[in-house]
Amino acid sequence: MKGTVHYEARGNIALLSIDNPPVNPLSSGVRQGLFDGVSSALADDAIEAIVLTGMHRAFIAGADISEFGAAATEGVGLGEALDKMEGSTKPIIAAINGTAFGGGLEVALCCDYRIAAATAPVGLPEVKLGLLPGAGGTQRLPRLIGAEAAVQAIVSGNPIMAPDALTMGIVDRVASGDIVDDAIAYAQEIIGAGAATRKIRDLEDKVSADRGNTTLFEKFAANLDKTHRGQFAPAQILQCIEAAVNAESFDEGMAVERARFAECMSDPQREALIHIFFAERAANKIPGLPKDVPLLDINKGSVIGAGTMGGGIAMCFANAGIPVRVHDNEPENLARGINVIESNYARTVSKGRLTQEEMDKRMSLIIPTENFDDLGDGDIVVEAVYENLDLKKQIFARLDKVMKQGALLATNTSGLDVDAIAGVTDRPEFVCGMHFFSPANVMRLLEVVRGKDSSPVVLGTAMALGKRLGKVSVMAGNCPGFIGNRMLGGYTRQAALMILEGATPAQVDKVIFDFGLAMGPFTMNDMVGLDLGWRARKMMGGSNEVTARIPDELCELGRYGQKNGKGYYQYAEGDRTPRPDPEADAVIAKVSEDLGYTRRDFSDDEILKRCMYPLVNIGAKLLEEGHALRAGDIDTVYVNGYGFPTYVGGPMWFADTQGLDNVLADMERFFEETGDEVWKPSDLLKKLVSEGKNFASLDG
Ligand code: 3H9
C-alpha cells in the first residue's frame with residue numbers, strides 16, 4: 001500500500017501523523033492508516049481525543065490523483081475511513097500543518113475541530129481537475145459557511161489562506177506556535193470542557209437559511225458561462241450545493257454528490273485536466289539533467305529593454321522578491337516602461353489584490369538604469385528587445401564583455417536562432433533562451449530554449465528560476481519559433497487560407513471560440529493590429545505569400561483593426577465586439593477572386609480540423625526531431641501560453657481523443673486536396689497509427 005499514518009499515544013491524546021511524501025495524498029495506505037488509527041484510538045480507554053496532522057509540507061493534498069482511472073485500489077475506501085472518523089465518539093482535531101486541498105480538506109471537515117498553521121492554504125480545487133469534492137465537501141462546507149460562500153469556494157477552487165479560513169469559519173483557530181503542540185493544547189481544552197464531539201453533518205442553521213432560495217443558484221448558474229465557459233463540473237457543483245440546501249437529509253444530499261461525482265469522473269474533461277496536471281509537473285523533469293545538478297545562485301537580475309516584454313519580465317523578478325535592473329538605450333522608453341510598471345501595480349492595488357506597501361516594496365526592487373555597464377553585476381540577464389537577430393547579436397557581444405563571469409545570459413526571443421546569438425559570445429555554454437509570453441507578469445508559460453552549447457547548469461537554473469517566478473516552464477529545442485510559435489504558424493496560415501477559399505472570418509472565429517479559445521484568429525488579428533504585419537512586410541519589400549494579400553488590402557484601405565474601428569470586422573465606438581462588415585467581406589471576396597480561388601462552403605467540422613491538425617502535425621514533427629521532449633510538454637505550452645482550453649487537454653491530447661487514425665486520414669485527404677506541406681503527415685504520426693498507439697503512450 002502507498003503511504004501510511006503513524007500512531008503515537010501522547011498521554012490521553014492519540015497523535016495520527018500522515019506520511020505519504022511529498023504532499024500526503026490519500027493513497028491506499030493513508031486511507032487504511034486513518035481507519036486503523038481512529039479504530040485504535042477508540043479502542044484505547046486511556047485516549048480521550050485524537051489529533052490528526054500531516055508530515056512533510058502538506059496536511060493532505062487530496063485524493064491520490066494517480067489512482068483515478070486505475071483498477072480497483074487496495075485497502076479501505078475513503079468513504080469508509082471518513083465514516084469511521086465521523087462516527088468517532090472521541091473528538092478529533094485536525095492540525096492542518098500545510099496544504100489541505102480537496103479530499104484533504106474533506107478529511108478535516110470530518111474532524112470535530114480544526115486548527116491550522118498560519119501559512120496553510122485550504123481549499124476544494126477539484127473543479128480544476130474537472131471534478132467536484134466527492135467526499136462530502138459539497139454537503140459539509142455549506143453547512144459550515146453557508147451556501148453562497150461554499151459555491152464561491154468550490155466553483156472557483158481557489159486556495160484560502162488559514163487566516164481567511166478562520167474568518168470564514170472553515171477553521172476554528174490559527175496556531176500561534178508549533179501546530180502539533182497547539183493542537184494538543186486545544187485537544188486538552190476540549191477534553192477539559194467535556195470532550196464534546198461536533199459533527200458538521202448535524203449543523204442545519206446555515207443551510208436552512210437558504211432553503212427555497214432559488215435565485216442564489218440561478219445567479220451563479222447564469223454566471224458560469226462567463227467564468228467557466230464550456231466546463232462540465234461547475235454546473236454539477238451547483239446541483240450538489242443546491243441539494244445540500246434543499247434535500248430532505250444530509251444522506252440524500254450525499255447521494256446527489258455521489259451521482260454528480262461519478263458523472264464528472266467519466267467525463268472526458270476530467271481526464272484531459274488531470275493529463276495537464278501531470279504534464280505540467282513532468283515538464284520540469286529534463287532527461288539527462290540530473291536532479292542534483294548544482295544551480296547558479298540567482299539573487300539579482302538584469303533586463304534589457306523596457307517595452308511591454310522587458311517591463312513584464314522585470315515585474316516577474318520583483319514579484320518573486322529578486323532585485324532587477326532594467327536598461328533601455330532610449331531614456332524616454334525607460335521612463336515610459338517604469339511608468340507602465342507602476343500603473344500596472346497601481347491597478348492591482350486599486351482592485352485590492354495587492355497592498356500599497358507590497359507595491360512599494362516591489363517598485364523598490366526595480367532599478368532603472370541608462371548605463372549598459374550597470375547590468376554587469378546581475379546573476380542573470382534577460383535580453384528583451386524587439387525581434388531582430390542582428391540587434392540581439394550586437395547586444396550579446398556587449399553583454400559578453402560586461403556581464404560578470406558565471407552569469408546566465410538569456411534571450412527572450414520568441415523564435416530566433418539561440419545558437420546564432422550565443423555564438424557571438426565567448427561563453428555559449430552560459431546562454432539559453434527564456435521565452436516569456438506577453439504580458440509576462442500574467443502569462444504562466446516560460447519556454448526555456450536549449451542551445452547546442454547551453455550547459456546543464458544553465459538549463460537547470462533557467463527551469464528552476466521559472467518555477468521561482470511562478471511559471472510553468474517547458475524545455476524547447478532551438479528551432480524557428482521553438483514549440484509554441486512554430487506550431488501557431490500552421491494554425492494561422494490555415495485560417496487565412498480558408499477565408500480565401502470561401503469561409504468567412506466570423507465563421508472561423510465562431511468555430512474556434514466554441515471550441516474553447518477566448519477568440520478566433522481574425523478577432524485576435526484585429527486586436528493586435530493588422531498594420532503591424534503590413535508595415536513589417538513593407539519594410540522587407542512586400543510579401544509573395546497569398547495569405548498576406550487580404551490583411552495588406554485591408555490596411556491599404558485604412559482598416560487596421562480594433563484600434564481604428566475596422567479591420568476584418570467593424571467596431572462601434574468604445575465597443576470591442578467584432579461585427580461582420582460587408583466592406584471587409586467584399587475585400588476578401590475580391591482578393592480571393594483575383595488569386596483564382598473558387599469560393600465554397602465550409603462545414604464547422606472542416607474548419608476546426610484545418611485549424612487544429614496543423615498544430616498536431618507540427619507538434620509531432622517537434623517530437624520526432626527532439627525539439628519537444630514530450631507530447632505533454634506541447635500540451636502544457638498550448639494551454640498555458642496560447643489560451644487552448646485546458647479541459648480539452650492541449651492539441652496532442654485532443655488528437656488522441658479524435659483517434660490518430662482519423663487524424664491521419666484527414667491530413668492525407670487535405671494533403672491530396674491542397675498539396676500544402678503542412679499536411680504531409682509526420683513519420684511519427686504514421687508510426688503511431690501503424691502501431692495502434694497514441695501520443696500519450698509516448699510519455700509513459
Ligand atoms: C480530490 O481530492 C477528490 C476528492 O474530493 C474526492 C475523492 C473521492 N495526488 O505540485 P507539486 C504530486 S481530487 C497524487 O510539484 P507543490 C505531484 O504530481 C484532488 N499526486 O508540489 C508531484 O509529483 P512528482 C484534489 C499528487 O508543492 C508531487 O506531488 N487536490 C497530488 O508545488 C509534488 O507536487 C488537488 O487538486 C495528488 N492529489 O504543490 C491538489 N498532488 O514530484 C493537487 C500533488 O512526481 N495538488 N501530487 O512530480 C496541488 O495543487 C499541488 O501539488 C500542491 C503542492 C499544492 C499540493
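Trainee: Which loop holds Ala-195?
Mentor: Keep in mind that this is a predicted model. Ala-195 has a positive phi of about 55 degrees, although it is not a glycine. Look for Ala-195 in the loop between α7 and α8 (205-208).

Trainee: What is the phi of Phe-482?
Mentor: Most residues other than glycine have a negative phi. Phe-482 sits in the loop between β18 and α19 (484-501). Its phi is positive in a residue other than glycine, near 55 degrees.

Trainee: Into which domains is the chain divided?
Mentor: Start at residue 4, where domain 1 begins, and follow it to 265. After that the division gives domain 2 (301-482), domain 3 (503-594) and domain 4 (604-699).

Trainee: How many Å separate the centres of domain 2 and domain 4?
Mentor: These two domains do touch: 13 residues of domain 2 are in contact with 9 residues of domain 4. Taken over C-alpha atoms, their centres are separated by 32 Å.

Trainee: Which strands are at the edges of the open sheet of 6 strands?
Mentor: Its order is β1-β2-β3-β5-β7-β10, with mixed pairing. An edge strand here pairs on one side only. That gives β1 (4-10) and β10 (173-174).

Trainee: Do β1 and β2 run parallel or antiparallel?
Mentor: Between β1 and β2 there are 7 bridges. One pair to look up is Val-5, whose bridge partner in β2 is Ile-18. The two strands form a hairpin with 2 residues between them, and Gly-11 in the turn has a positive phi of about 65 degrees. Their direction is antiparallel.

Trainee: What is the bridge partner of Val-51 in β5?
Mentor: Strand β3 (residues 49-54) runs parallel to strand β5 (residues 92-96), and 4 bridges join them. In β5, Val-51 has as its bridge partner Ile-93.

Trainee: What angle does the direction of helix α7 make with that of β7?
Mentor: Helix α7 (residues 179-192) packs on this sheet. It touches β1, β2 (13-19), β3, β5, β7 (113-116) and β10. With the direction of β7, that of α7 makes about 150 degrees.

Trainee: What is omega for the peptide bond that joins Pro-21 and Pro-22?
Mentor: Most peptide bonds are trans. Pro-22 is in the loop between β2 and α1 (28-43). The bond joining Pro-21 and Pro-22 is cis, with an omega of about 0 degrees.

Trainee: Why is one side of β13 and of β18 left without a neighbour in the sheet?
Mentor: Here 8 strands form an open sheet in the order β13-β12-β11-β14-β15-β16-β17-β18. Its pairing is mixed, and neighbouring strands are turned by 25 degrees against each other on average, direction ignored. β13 (366-369) and β18 (472-477) lack a neighbour on one side because they stand at the edges, each with a single partner strand.

Trainee: Which residue in β16 does Ala-410 stand opposite?
Mentor: Strand β15 (residues 408-411) and strand β16 (residues 431-436) run parallel, joined by 3 bridges. Opposite Ala-410 in β16 you'll find Cys-432.

Trainee: Is the peptide bond from Ser-438 to Pro-439 cis or trans?
Mentor: Find Pro-439 in the loop between β16 and β17. Omega for the bond from Ser-438 is near -5 degrees, and the bond is cis.

Trainee: Why does α22 count as roughly perpendicular to α23?
Mentor: Residues including Trp-534 in α22 meet residues of α23, among them Pro-551. By class, this contact has 5 nonpolar, no polar and 5 charged residues. Helix α22 (residues 530-539) and α23 have axes 9 Å apart. α22 counts as roughly perpendicular to α23 because 65 to 115 degrees is the range for that, and they pack at an angle of about 100 degrees.

Trainee: Is the crossing of α23 and α24 left-handed or right-handed?
Mentor: Helix α23 (residues 549-556) and helix α24 (residues 582-594) pack at about 130 degrees, with axes 10 Å apart. That makes α23 oblique to α24. Their contact has 6 nonpolar, no polar and 3 charged residues. The crossing is right-handed.

How values were computed. Residues are numbered from 1 along each chain as its sequence is written. This is a predicted model: local features need pLDDT of at least 70, side-chain atom pairs count only at pLDDT 80 or more; totals for chains, interfaces and linings use all residues. Side-chain values use heavy atoms; hydrogens and water are left out. Axes are lines fitted to C-alpha atoms, for helices over the stretch in contact, and angles run from 0 to 180 degrees between N-to-C directions. Angles under 35 degrees count as roughly parallel, over 145 as roughly antiparallel, 65 to 115 as roughly perpendicular and the rest as oblique. A crossing is left-handed if the near helix is turned anticlockwise from the far one by less than a right angle, and right-handed if clockwise. Ala, Val, Leu, Ile, Met, Phe, Trp, Tyr, Cys and Pro count as nonpolar, Asp, Glu, Lys and Arg as charged, and the others, Gly among them, as polar. Two strands pair if DSSP finds at least two bridges between them. Domain bounds come from an automatic or database domain assignment. Contact means heavy atoms within 4.5 Å.
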